[in-house]
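Good morning, colleagues. Please have the sequence and the model open as I speak, and follow each residue as I name it.

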Amino acid sequence: MSTRMFQVAGLGNERVGLTSARIEQLGTRLEGPLLAAGDEGWDEAVEVWNAMVTARPTLVVQPVSAQDVATAVRFAADHGLLLSVKGGGHNIAGTALADGGLTLDMSRMREVTVDPSARLAHAGPGCLLRDVDRATQRHGLATVLGFVSETGVAGLTLGGGFGYLTRRFGWTADNLDEVEIVTADGKVRTASRTENPDLFWALRGGGGNFGVVTRFTFRLHEVGPVVTGGLAAWSADRADDVLATYRELTASAPRTLTAAAVIQLAPPAPFIPDAWHGRPVVALLVCHSGTVAEAEADLAPLRALGEPIFNLIGEKPYVAQQSMLDAMEPKGLNQYWKAEFLPGLPAEYLPVFRDAALDVASPLSYSVVFHLAGALNESADGGAVGNREARFISGFSGVWPPRADGEGIVGAVRKGWESIRPFSTGGNYVNFQLSEDDADRTADAYRGTYERLQQLKTRYDPANLLRVNRNIRPAR
């Protein structure tokens, strides 16, 4: 019998040799494809958004059913293989790929079905945000999702998830109604508020630590199909005025209005005058999901700032608002982020953020303050998402081409992050963590819920099979 050795290393795994016969046997038990390097579709299966991620698995399974997932989970456990899950591959830490292990690429499970009468959407784990938004908006409905339509629904949701609708309806995880999941023992389970409620609690924010979700069911809300939103920008010389206006706006904003302040170098976009390309600007990103008349009144402070360099704020389809930032985050660039939750936006914070953001500014980098306060602070049956007191999130995104020198950008991001940490709640958002972040920082992302998560990890995954993630280790 011919033998092909697959070297498995990393994250505490012992090296394991697998025979070709065992791998071929796995393939016969799957409905979906089993891929190895060189196979058709391999390159796409192992492509992720952040070019800094260099991990490569030995095997990729592309499941088409929960049973396929269960088969792969049991195979990984039986052979000591590292196991990872790729939904959209958008996680900045690169947790979609298991170096030398087995990756579940969920891209063939992208079906979305909408029950408008029950206001529920059922989404496969390979869905991107645009898949769900397009399906639900046909009925004038939406759930809380993120800002970049290429983002995977699974990773966003399991880590908490926030977006333009968070202030109205809470975290994405707060809007989960039910999941189908394969746990580390290879069993297919349903988790909801009435069935396996402890597991359901852990899944609402606890990341990929408790199993592989094979179906999400979301609650839907009447939103759109048209909202008032977009982006307007002014010279960074006016940063103090614009940031002060942003502070005033967010202090009194209704929950139908979400706004972010952004500092960056103006990109060479066709809607920006040529003279401003590459120059520092301060912008306000807004989304108002109320009536046009309400939006007109609530956005009045922006008009008081005077004529902007450009103004893209107006009525637009909600799906257009959801994808308008896609160009800022294409695949294939190096991404290095640092962010903190803030309990408020004191006046003293604004010049600190301004100076750090101008230092971070480079052709592709940007810095942001995003308003969160509202429903996420009040969830009565909230799951495992920590830091419920957060009212803003702010941070710095260093971005540069793969072959360029990013040392200065990384340094500026880290310096800026250190400068805002005194204003932090002490917590951070787990979906924005880097692979370099340690266990203490992960615990800080679950302030208020971490100990219970550890106990449930011990119950559902005592061997820590599901550890290629922002890992919650079983309690000792």
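**Three single residues, then rings and helices**

I begin with T172, which is found in the loop between α6 (166-169) and β8 (176-182). Helices (H or I, at least four residues) and strands (E, at least two) are DSSP runs, numbered from the N terminus. The model is predicted, so local features need pLDDT of at least 70 and side-chain atom pairs count only at pLDDT 80 or more, while totals for chains, interfaces and linings use all residues. Residues are numbered from 1 along each chain as its sequence is written, and side-chain values use heavy atoms, with hydrogens and water left out.

Is T172 buried or exposed? T172 is buried, with a relative accessible area of 0%; buried means under 20% relative accessible area, exposed over 50%, and partly exposed in between, with a 1.4 Å probe and protein chains only. Not counting residues up to four places away in sequence, T172 touches V144, L145, L156, T157, G160, G161, F162 and F218, where contact means heavy atoms within 4.5 Å. Between the C-alpha atoms of T172 and T245 there are 28 Å, and the two are 73 residues apart along the chain.

The second residue is L364, in the loop between α12 and β18 (366-371). L364 is partly exposed, at a relative accessible area of 33%. Leaving aside residues up to four places away in sequence, L364 touches L333, V399, W400 and P401. From L364 to V399 the C-alpha distance is 5.3 Å, although their positions lie 35 residues apart in sequence.

The third is K457, in helix α15 (residues 450-460). K457 has 0% relative accessibility and therefore counts as buried. Beyond residues up to four places away in sequence, its contacts include N209, F210, P462 and R473.

I turn now to the aromatic rings. How many aromatic pairs does the structure hold? It holds 19. Rings of Phe, Tyr and Trp (its six-membered ring) pair if their centres lie within 6.5 Å; planes under 30 degrees apart count as stacked, over 60 as edge-to-face and the rest as tilted. One pair is W49 with W337, edge-to-face, at 5.5 Å centre to centre and 70 degrees between the planes. This pair links distant parts of the chain, 288 residues apart: W49 is in the loop between α2 (42-45) and β2 (59-61), and W337 is in strand β17 (residues 334-342). Both W49 and W337 are buried.

F341 and Y429 form a tilted pair, 6.4 Å centre to centre with 50 degrees between the planes. F341 lies in strand β17 and Y429 in the loop between α13 and α14 (439-445), so the pair ties together parts that are 88 residues apart in sequence. F341 and Y429 are both buried. These four residues belong to one aromatic cluster, together with F147, F162, Y164, W171, F370 and F432.

Finally, the helices. Helix α12 (residues 349-360) and helix α13 (residues 407-420) pack at about 175 degrees, with axes 9 Å apart. Axes are lines fitted to C-alpha atoms, for helices over the stretch in contact, and angles run from 0 to 180 degrees between N-to-C directions. The angle makes α12 roughly antiparallel to α13; angles under 35 degrees count as roughly parallel, over 145 as roughly antiparallel, 65 to 115 as roughly perpendicular and the rest as oblique. The contact is made by Y349, V352, A356, D359 and V360 of α12 and A412, V413, K415, G416, S419 and I420 of α13.
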